[in-house]
Amino acid sequence: MLEQLLIFTRGGLILWTCKELGNALRGSPIDTLIRSCLLEERSGAASFNYDAPGTAYTLKWTFHNELGLVFVAVYQRILHLLYVDDLLAMVKREFSDIYDPKKTVYSDFDDIFRQLRKEAEARAEEIRKAKQEDKPVSNNMGNDSGDGDDNAKGRKLEAHSKGSFVANRNAPAKGIANGKENGSSNNGAFDVNKLQKLRAKGGKKTDTIVNKVPKVETKKKITKKNRIWDDSPKESKLDFTDPVSENGDENIQIVAADQGESMMDKEEIISSESESEEDEEAEKGTKAETKKKGWFSSMFQSIAGKANLEKTDLEPALRALKDRLMTKNVAEEIAEKLCESVAASLEGKKLGSFTRISSTVQAAMEEALVRILTPRRSIDILRDVHASKEQRKPYVVVFVGVNGVGKSTNLAKVAYWLQQHDVNVMMAACDTFRSGAVEQLRTHARRLQIPIFEKGYEKDPAIVAKEAIQEATRNGLDVVLVDTAGRMQDNEPLMRALSKLIHVNSPDLVLFVGEALVGNDAVDQLSKFNQKLGELSPSASPRLIDGILLTKFDTIDDKVGAALSMVYISGAPVMFVGCGQSYTDLKKLNVNHAASSELSPDLTSLFVEVNHFNSVNFVSFAHNGILVYQIAERHPVTCKWRK
Amino acid sequence: MDTDKAEQLKAELQQWFNQAEQLIRQIPPNQLYAAVGIVLLTVFVFILVRVFKRTISNTVVLTGLSGSGKTTLFYQLRDGSSHQGTVTSMEPNESTFVLHSETSKKGKIKPVHIVDVPGHSRLRSKLDEFLPQAAGVVFVVDALEFLPNSRAASEYLYDILTKASVVKKKIPLLILCNKVDKASAHTREFIRKQLEKEIDKLRASRTALSAADITNEFTLGVPGETFAFSLCHNKVTVAEASGLTGDISQLEQFIREHVEP
């Protein structure tokens, strides 16, 4: 049974809740949903899991972008309610009819809702019964599509375009990009067409789990199944030659138009690759053709601005944008999720007059990027250091990361910076594995004239760190910078050791050091690090990554995508940016410029902007797409310009 | 051929000019002067109106941390009740209306334009859109959960107090302690003192950075002296309110003070 269904405006006012389901929700699932999912640009995901002491809810939502409404359904996770998507779509439709911006009470909706719920439940029952009857037939069909499940529930999930629950058994369905390609083969079993028509508005491909701990799924299938290399569910189709056919809706209903669209898209993609500056023309061209109404009427529409944005309209613009993001070195997964999220927020919106779809999409994407890169919490390290100083404890920073990203080098840079601000720093050499690591830190310490705590090699890093902190407390030092050995995210014993180090010493800041050159691996690194830190920690509330240090920034021109991937996947802000090998090469990230450089093909203007970013001022020049920063330090050689 | 055409055009234009001149000559000079005078006058009045409009604004901005109760207060001001509750806002709420408590008053009352800016840290940039046109800013503080959030609240408040638009235009700021209907809520004096202390510390740590690093456009207070709200260029006051019960008289007073009725 549904726990609750809420309708609220984007401004925050609750318009309607179901009075029959009077259970008060434990904890605050809606606020958590908004804070950690919808505002984090993860609104393209299918569902959200909320765990509170004593309950485990799953939340599903849908937007009405034109009216600015959000519809959320909450139910217990152990119940696998299959009609929720259906119900949400119907509720959205009915409510939009009676919605009035001036009204704030909608008591007449209670009856309508009761009716809708009965209908939805009845239909779900029907489907389930039909499935159970056609079990043998459905199995064959499942095999055809290549990912058949032999239990009826699995079948139903395949048919769901939004197929997604976080139930272990049925998780394979999530691996399916969308049930629509299966839908085309299901005509015999039950009336998929009807289902899909009902879900026409909400149909999109989803294959992502929002929670941080993706479980390993085991599929029970008759046929040979895809091997799972890592712990994320794989997509069923390995053949990605025809991207448009994934829109099963079009497949079933408008076959003729499908042929035209796919060719259009291929051309469009080529044109967007070859001439990124002139994608306006390509966009206009595609718009005219996809609407099949002629160039004049689409021109007219772009001027009159009455077109309601549909998925199909957004598709080409979003794909072009995704390609552009990927050329800027954003991980593919992240670009995909971002595009989905932007699509979710633009669907159904009315196009303003004199605006093209591509400019609307671009504006929405830029806003989304700025929102993601804006840190959630303050990154004023000096303030935190002062706060710890008052409590007479040293501020402990642990640098973690994979091999060779620049932990020791950037540790020295951070030490230098802190020293400039009259903070007493101490280094702790907890990299007891790599030959020369301790000597390296010793050299830095000697050059900077700061104390170093070391115990040589082959010692337990956790113990070394603990003793270092004790020494710092004894000597009244302000900051302890702990250097750890680089380790691959898949290496279980090393990750366990790291988790132990963090658990035993409870540092104030866990800084993940990642290089800007990394591509798609950034996603894997960060998610695995966070996951392992969460899983392997013996405590109930494990410490996760608090901040990101982006290194080797001088090696990339304007391909700042790694910053975006890392921030998106971990939710941690970028605290420092390392851009060179000398002590002074440490900067902070300019959010607005990073966001706009992700989207712009080529900045040919030289402009200066003074930006305020969480209390750190910096002047940035952008010339030909190359971002240049001024160093946030008091050192006389502060101003550096890059040509 | 082209030169011929150009000459033809020139000749035609000449003809037009001559005709126009003749027409104008025909009009008696008085009428001409009157017409020109009227045009100039309307332009002048137009400019005046634009200039005046800029100085008188009826916008009040509600801001504060996420969860402090801004949306509830917004709806209390507008409708007199907070309806069925609120969730974290994702977008600003703005509307122009006559305060609910004054709808029963007779006479013409000027409506007020109230903007409720979301407090979530990712949406902070929305505040900059509305500050330039604000006649007053209300910073809502959660008096119940004050101590855990005091650092974040003081940082936000510090950022607002040092923005150029606030300092230059001396926009009055009201620190509103919300949720005072609960028994364990802190008093306004306590909150004021805590905020002053935290901002003092912030001042020290922010100005410790080099001149090149100063983010905030202005510094607060006098260096060397402990910070107090009375030292700010713009007027800062503290008041109490309760969004749920509807006790918002001090807030309304502030609004009425700074938006001409």
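In chain B of this predicted model, residues 24 or more positions apart account for 74% of the contacts with a separation of 6 or more. For chain A, 70% of the contacts between residues at least 6 apart in sequence join residues at least 24 apart.

**The two chains**

Chain B holds 8 helices and 6 strands. Starting at the N terminus, its elements follow the order α-α-β-α-β-β-α-β-α-α-β-α-β-α. Of its 261 residues, 44% are buried. Chain A has 643 residues, of which 57% are buried, and it contains 23 helices and 16 strands.

**Helix α3 of chain B**

Helix α3(B) spans residues 70-79 and is mostly covered, with 8 of its 10 residues buried. These buried residues are K70(B), T71(B), T72(B), L73(B), F74(B), Y75(B), Q76(B) and L77(B). They pack against several elements of chain B: the strands β1 (59-64), β2 (93-97), β3 (112-116), β4 (134-142) and β5, and the helix α8 (249-258). Just after the helix, G80(B) takes a positive phi of about 85°.

Two of the buried residues of α3(B) can be given with values. F74(B) has a relative accessible area of 1% and is therefore buried, the cut-off being under 20%. Y75(B), at 7% relative accessibility, also counts as buried.

**Aromatic pairs**

A pair of aromatic rings is described by the distance of the centres and the angle of the planes. Over all chains, the count comes to 8 aromatic pairs. One of them is formed by F71(A) and F95(A), whose ring centres are 6.0 Å apart and whose planes stand at 85°, so the pair is edge-to-face. This pair links distant parts of the chain: F71(A) belongs to strand β5 (residues 69-76) of chain A and F95(A) to helix α2 (residues 84-98) of chain A, 24 residues apart. Both F71(A) and F95(A) are buried. In chain B, the rings of F74(B) and Y75(B) have their centres 5.2 Å apart and their planes at 90°, so this pair is edge-to-face as well.

**Two helices of chain A**

Helix α21 (residues 521-536) and helix α22 (residues 561-570) of chain A pack with their axes 9 Å apart and at an angle of about 30°. Angles under 35 degrees count as roughly parallel, and α21(A) and α22(A) are therefore roughly parallel to each other. Their crossing is right-handed. On the side of α21(A), the contact is made by A522(A), V523(A), L526(A), S527(A) and N530(A). On the side of α22(A), the residues in contact are S565(A), M566(A), I569(A) and S570(A).

**The annotated span in chain A**

An unreviewed UniProt entry places the feature "domain: SRP54-type proteins GTP-binding" at residues 573-586 of chain A. In the model, the end C-alpha atoms of residues 573-586 of chain A lie 16 Å apart. The span is 43% strand and 0% helix.

**Loop residues**

Most residues other than glycine have a negative phi, and most peptide bonds are trans. D422(A) has a positive phi of about 60° although it is not a glycine. Q449(A), likewise not a glycine, has a positive phi of about 65°. A loop residue of chain B, T187(B), is listed with these two in the table.

| Residue | Loop between | Relative accessibility | Class |
|---|---|---|---|
| D422(A) | α17 (407-420) and β7 (425-429) of chain A | 59% | exposed |
| Q449(A) | α18 (437-448) and β8 (452-454) of chain A | 67% | exposed |
| T187(B) | β5 (173-178) and α7 (188-207) of chain B | 48% | partly exposed |

The cut-off for exposed is over 50%, and T187(B), at 48%, therefore counts as partly exposed. The C-alpha atoms of T187(B) and L144(B) are separated by 9.6 Å, and the two residues are 43 residues apart along the chain.

Methods
Residues are numbered from 1 along each chain as its sequence is written. Chains are lettered from A and ligands numbered from 1 in the order in which they are written. This is a predicted model: local features need pLDDT of at least 70, side-chain atom pairs count only at pLDDT 80 or more; totals for chains, interfaces and linings use all residues. Side-chain values use heavy atoms; hydrogens and water are left out. UniProt positions are given in the numbering used here, feature names are shortened, and annotations may be inferred rather than shown by experiment. Helices (H or I, at least four residues) and strands (E, at least two) are DSSP runs, numbered from the N terminus. Rings of Phe, Tyr and Trp (its six-membered ring) pair if their centres lie within 6.5 Å; planes under 30 degrees apart count as stacked, over 60 as edge-to-face and the rest as tilted. Buried means under 20% relative accessible area, exposed over 50%, partly exposed in between (1.4 Å probe, protein chains only). Axes are lines fitted to C-alpha atoms, for helices over the stretch in contact, and angles run from 0 to 180 degrees between N-to-C directions. Angles under 35 degrees count as roughly parallel, over 145 as roughly antiparallel, 65 to 115 as roughly perpendicular and the rest as oblique. A crossing is left-handed if the near helix is turned anticlockwise from the far one by less than a right angle, and right-handed if clockwise. Contact means heavy atoms within 4.5 Å.
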